[in-house]
Amino acid sequence: MAPVPISQIKVGHIDDVQELRKSIPAAIPERFIRDMAERPTLTMETLLSSTDIPVIDFSQLLKGKTDELQRELSKLAASCEEWGFFQVINHGIDLGLLESIEKAAMDFFMLPLEEKQKYAMAPGTIQGYGQAFVFSEDQKLDWCNMFALGLEPHFIRNPKLWPTKPAEFSDALEVYSREIRELCQNMLRYIAMSLGLNEDAFENMFGEAVQAVRMNYYPPCSRPDLVLGLSPHSDGSALTVLQQGRDGSVGLQILRHNTWVPVRPIPNAFVINIGDTIEVLTNGKYKSVEHRAVTHKEKDRLSIVTFYAPSYEIELGPMPEFLDENNPCKYRRYNHGEYSRHYVTSKLEGKKTLDFAKIHTNSSS
Ligand SMILES: O=C(O)CCC(=O)C(=O)O
Ligand SMILES: [Fe+2]
């Protein structure tokens, strides 16, 4: 998340969805109502019939040079190639930490609006409380309140946006983000191995990696069939780690073979997905898959999302290992800081942000 000073943006009035829900529970202002083509289908049938995203057992990856490791690496390769998403179980992160960050996030969202607005996200920026990615008055809004903070390296932090309430918030976030950083580093090592690369290939390339967190709170919505919790997008990161609140609704959906597939949460597991950076580096072998969030009539939902990305300074493009006569180069080389800036100054619109790097050939779509 590069700091982007944008002054001339007119976003119009943005209703706070929690306040809307409290004052007029049935109201859905026009700006939240999606065009027909974007409205979600939310049948029980979809939920029951769809295949679950793959599950990776992290404890199997830790097994050194064994058959178990090889099996799990093959599963990881297939998950990244065919799904772009997987859930990670037995990740070894203390469950107490997951609970404490969930509580801190939830307690923050439950504070009075005046308190949360002390940390308001300025229009066109992406840190603080509010709705990110809104750049015009006619843009549709998401049924979501967000609270986002830059974490690493420290220069991306804005200390004024770190809340003093709840009192445990900052400490919980510090401890949590250290553990998640390590998980990201480990996962990138295994992802490199699953590609037949040197295990340090990504870490060596990334420099001092950028890490940010976004907490998304989706209150219940009286017409979940008309709105989206979060617009379709791919992540601008290398890797994203998502923790879902306990007892929340099923809300995350991924686009697979042109169908929106719900991700059913496994208790205490993380959902991990490939971001745009890995798609570019692998020349599209591993894909950053489009996803969105939907809302629920009675239940609310919380997600705590960590984005892990290369340092802004690095230049990247497809690695030579993924190029040959059958696999022509699909992306140009670019500076990652520039891509980050492009990402955070564009509205969420499917995989459109990656057009920034795509080389358009006659045969490519
Ligand atoms: O809340 C979710 O499940 C999706 C969140 C997400 O995709 C994001 O924050 O980038
Ligand atoms: Fe996302």
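This is a selection-by-selection tour of a predicted model of a protein chain with a ligand.

**Whole chain**

Start with the full trace. The protein chain has ten helices and 14 strands. Its radius of gyration is 20 Å, close to the 21 Å that the globule rule gives for 365 residues, so the chain is as compact as a globular protein of that length. Measured out along the principal axes, the C-alpha trace spans about 60 × 50 × 45 Å. Colour by burial next: buried residues are 41% of the 365. If you draw a contact map, take the contacts with a separation of 6 or more; 79% of them join residues 24 or more positions apart.

**Ligand 1**

Select ligand 1 and the residues around it: Arg-214, Asn-216, Leu-230, Asp-235, Leu-242, Gly-251, Leu-252, His-291, Ala-293, Ser-303 and Val-305. By class, this shell divides into five nonpolar, four polar and two charged residues. Which strands supply at least two residues each of the shell? They are S5 (210-218), S11 (291-293) and S12 (301-309). Keep S5 and S12 displayed, as both return at the next stop.

**Helix H5**

Select residues 95-109, which form helix H5. At 1.5 Å a residue, its 15 residues should span 21 Å, and the end C-alpha atoms are 21 Å apart, which agrees. Now show the side chains of Leu-98, Ile-101, Glu-102, Ala-104, Ala-105 and Phe-108, the buried residues of H5. Look down the helix axis: these buried residues fall within an arc of 160°, so they line one face of the helix. On the face turned away from the buried side are the exposed residues Leu-95 and Gly-96. The cover over the buried residues of H5 includes strand S4 (145-152), helix H7 (169-194) and strand S7 (239-244), along with S5 and S12.

**Helix H7**

Move to H7, one of the elements covering H5. H7 has 26 residues and reaches 36 Å from its first C-alpha to its last, close to the 38 Å expected at 1.5 Å a residue. The buried residues of H7 include Phe-169, Leu-173, Tyr-176, Cys-184, Met-187 and Ser-194. After the helix comes Gly-196, with a positive phi near 80°.

Within H7, centre the view on Ile-180. Is Ile-180 buried or exposed? There are 23 other C-beta atoms within 10 Å, so Ile-180 is buried, the threshold being 20 or more. Leaving out residues up to four places away in sequence, Ile-180 touches Val-241 and Thr-306. For a distance label, use the C-alpha atoms of Ile-180 and Gln-211: they are 9.5 Å apart in space and 31 residues apart in sequence.

**The loop between S4 and H7**

Step back to the loop that joins S4 and H7, where Pro-153 sits. The peptide bond from Glu-152 to Pro-153 is cis, with omega near -15°. Pro-166 is also placed in the loop between S4 and H7. The bond leading to it from Lys-165 is cis, with omega near -10°. For context, most peptide bonds are trans.

**Gln-87**

Go to strand S2 (residues 85-89) and select Gln-87. Gln-87 has 21 C-beta neighbours inside 10 Å and therefore counts as buried. Which residues does Gln-87 touch, not counting those up to four places away in sequence? They are Ile-53, Val-55, Ile-266, Ala-269, Phe-270 and Val-271. A second distance label fits here: the C-alpha atoms of Gln-87 and Asp-57 are separated by 8.5 Å, while the two residues are 30 apart along the chain.

**Two asparagines with positive phi**

Finish with backbone torsions. Most residues other than glycine have a negative phi. Asn-258 has a positive phi of about 70°, and Asn-258 lies in the loop between strand S8 (252-256) and strand S9 (259-262). Because Asn-258 has 5 C-beta neighbours inside 10 Å, it counts as exposed.

Then select Asn-268, in the loop between S9 and strand S10 (270-274). Its phi is also positive, at about 70°. Asn-268 is partly exposed, with 14 other C-beta atoms within 10 Å.

Methods. Residues are numbered from 1 along each chain as its sequence is written. Chains are lettered from A and ligands numbered from 1 in the order in which they are written. A residue is near a molecule or strand if its C-beta atom, placed from the backbone, lies within 6 Å of it. Helices (H or I, at least four residues) and strands (E, at least two) are DSSP runs, numbered from the N terminus. Ala, Val, Leu, Ile, Met, Phe, Trp, Tyr, Cys and Pro count as nonpolar, Asp, Glu, Lys and Arg as charged, and the others, Gly among them, as polar. The radius of gyration is taken over C-alpha atoms; the globule rule is 2.2 Å times the number of residues to the power 0.38. A residue is buried if 20 or more other C-beta atoms lie within 10 Å of its own, exposed if 12 or fewer, and partly exposed in between; C-beta atoms are placed from the backbone. Two residues are in contact if their C-beta atoms, placed from the backbone, lie within 7 Å. The expected span of a helix is 1.5 Å times one less than its number of residues. The arc is that of the directions from the helix axis to the C-beta atoms.
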